[in-house]
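Here are my notes for someone opening this one for the first time. Have the viewer at hand and follow the points in order.

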Amino acid sequence: MLVGFDTNDDAGVYLLSPEMAMVQTVDFFTPIVDDPFTFGQIAAANSLSDVYAMGGKPVSALSIVGFPDKGEPEILEQIIRGGLAKMAEAKCSVIGGHSIRNDDIQFGYAVTGIINPQRVWRNVGARAGDVLLLTKAIGTGVVSTALKNDRAAANDVQAATASMTELNRATSEALQELQAKEGATQPIHAVTDITGFGLLGHAREMALGNSERGIEAVSLELDHSAVQYLPGALEAAREGFLPGGLKNNRDFIGDCVSFAENVPKEYRDLLFDPQTSGGLLIAISPESADVALSALERHGVSAGRVGNVIMKTNPLLSIH
């Protein structure tokens, strides 16, 4: 086992040979949009994301389905079709699965990928001086909550849906190309995808390090104005459409975060907002940051500098 659960990493990695390792992850959840086909796409993209965040290539998947006994079969068909469409886009074969009768609809996948064991990205390993890059805008949690309350504009829902159904494949491929060009000098020191724990929750995990592997803890500085926010996300946060997961994240990691006085409340809330199929947070050497941003742009990925890694301080995360 190369990567287990000791640092709450995005996926497990198991060595198969000196040249190949296996990446494994699983994720499923209840619907967050009304359209079943779109829900299937989002669930698939979210399940695949952990493999991309490790630097792997997804190759096979098993579906996980919970569906009500009296549910309409047509809805289940559309959910499965949506998932298959996104898996086909990822060139990942769905080779089976398991279903149960359940009062609530649940859908997702257990995904297996392959990876070069010498080039595994972990969520720890960031070094003081690194630049932090972030792909995708945040705010899916508050927009989804506004939608549940019939207070989300159609264009805002469309933008959030487009973000959630977008694979992190292009991001992973761009970074892998950069890594291959650099050879022995590897500029990418830590990567994680932003999902249920929100940007600050996953940033905390990146900062904590892993003393057992000799990876020292660091601190992260984030610029709230440099982070991309989904259309309508700020308005939803101002109006109080805060999901329960956001409040849980704030309760769990709030003591690790220091906000500058000039950071407005809605931005503070959004940095705790739980994401579905969010982007990747990347700690990269400063001399390679611009090259990485150019590579990401060539692959059609929107990304930006959102902060820096510094020597460990208290608290771990500083937001200005």
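1. Start with Lys86 and Glu89, which sit three residues apart in helix H2, so about one helical turn separates them. Their side chains meet in a salt bridge, at 2.9 Å from N to O. Keep in mind that this is a predicted model. The two partners differ in cover: Lys86 is buried at 7% relative accessible area, while Glu89 is partly exposed at 40%.

2. Now see what H2 rests on. Helix H2 covers residues 73–89 and lies across S3, S4 and S5, running at about 20° to S5. These strands belong to an open sheet of five, ordered S1-S2-S5-S3-S4, with mixed pairing. Its edge strands are S1 and S4 (93–101), each of which pairs on one side only. From one strand to the next, the twist averages 20°.

3. Go to the S1 edge of that sheet. S1 and strand S2 (residues 20–29) run antiparallel and are joined by five bridges. Within that pairing, Tyr14 has Met22 in S2 as its bridge partner. Helix H1 packs on this sheet too, touching S2, S3 and S5 (106–115), and its direction makes about 30° with that of S5.

4. Which residues make the nonpolar surface patch of about 460 Å²? They are Met1, Tyr14, Leu16 and Met20. Leu16 belongs to strand S1, which spans residues 12–17.

5. Stay at this end of the chain for Phe5, in the segment before S1. Is Phe5 buried or exposed? With a relative accessibility of 67%, Phe5 counts as exposed. Its C-alpha atom is 24 Å from that of Lys247, a residue 242 places away along the chain. Also worth finding is the network of salt bridges that links Asp6, Asp9 and Arg122.

6. For a look inside the five-strand sheet, pick Ser60, in strand S3 (residues 57–67). Ser60 has a relative accessible area of 18%, and the cut-off for buried is under 20%, so Ser60 counts as buried. Leaving out residues up to four places away in sequence, Ser60 touches Cys92, Ser93, Ile95, Ala110, Val111 and Thr112.

7. There is another open sheet, with seven strands in the order S7-S10-S6-S11-S8-S12-S9 and mixed pairing. Strands S7 (188–193) and S9 (257–259) are its edges, each pairing on one side only. The twist here averages 25° from one strand to the next. Inside the sheet, S8 (residues 218–222) and S12 (residues 317–319) run parallel and are joined by three bridges. Glu221 stands opposite Ser318 of S12.

8. Check the helices against this sheet as well. H1 (residues 36–53) lies across S7 and S10 (280–284), at about 170° to S7. Helix H6 (residues 198–208) lies across S6 (131–135), S7, S8, S9, S10 and S12, running at about 150° to S8.

9. Next comes helix H3 (residues 140–148). How many of its nine residues are buried? Seven are, so to speak, under cover: Thr140, Gly141, Val142, Val143, Ser144, Thr145 and Ala146. The buried residues of H3 pack against H4 (154–165), H7 (233–238), H8 (244–253) and H9 (265–272). Just after H3, have a look at Asp150, which takes a positive phi of about 55°.

10. The structure holds eleven salt bridges, and one of them joins Glu239 to Arg151, with the closest N and O atoms 3.1 Å apart. Glu239 is in the loop between H7 and H8 and Arg151 in the loop between H3 and H4, so this pair ties together parts 88 residues apart in sequence. Glu239 is partly exposed at 45% relative accessible area, and Arg151 counts as exposed at 52%.

11. Finish in helix H9, where Asp269 and Lys265 lie four residues apart, about one turn of the helix. Their side chains form a salt bridge of 2.8 Å, N to O. Asp269 counts as buried at 2% relative accessibility, whereas Lys265 is exposed at 53%.

Methods
Residues numbered from 1 in each chain as written. Predicted model: local features only at pLDDT ≥ 70, side-chain atom pairs only at ≥ 80, totals over all residues. Heavy atoms only, no water. Patch = residues over 30% accessible without salt bridge, like charges linked within 9 Å, V, L, I, M, F, W, Y side chains within 5 Å. Areas by Shrake-Rupley, 256 points an atom, 1.4 Å probe, with all protein chains shown as cover. Salt bridge = Lys/Arg side-chain N within 4 Å of Asp/Glu carboxyl O. Helix = DSSP H or I, 4+ residues; strand = E, 2+ residues; numbered from the N terminus. Pairing = 2+ DSSP bridges. Axes fitted to C-alpha atoms, helices over the stretch in contact; angles between N-to-C directions. Contact = heavy atoms within 4.5 Å. Buried < 20%, exposed > 50% of the residue type's maximum accessible area, 1.4 Å probe, protein only.
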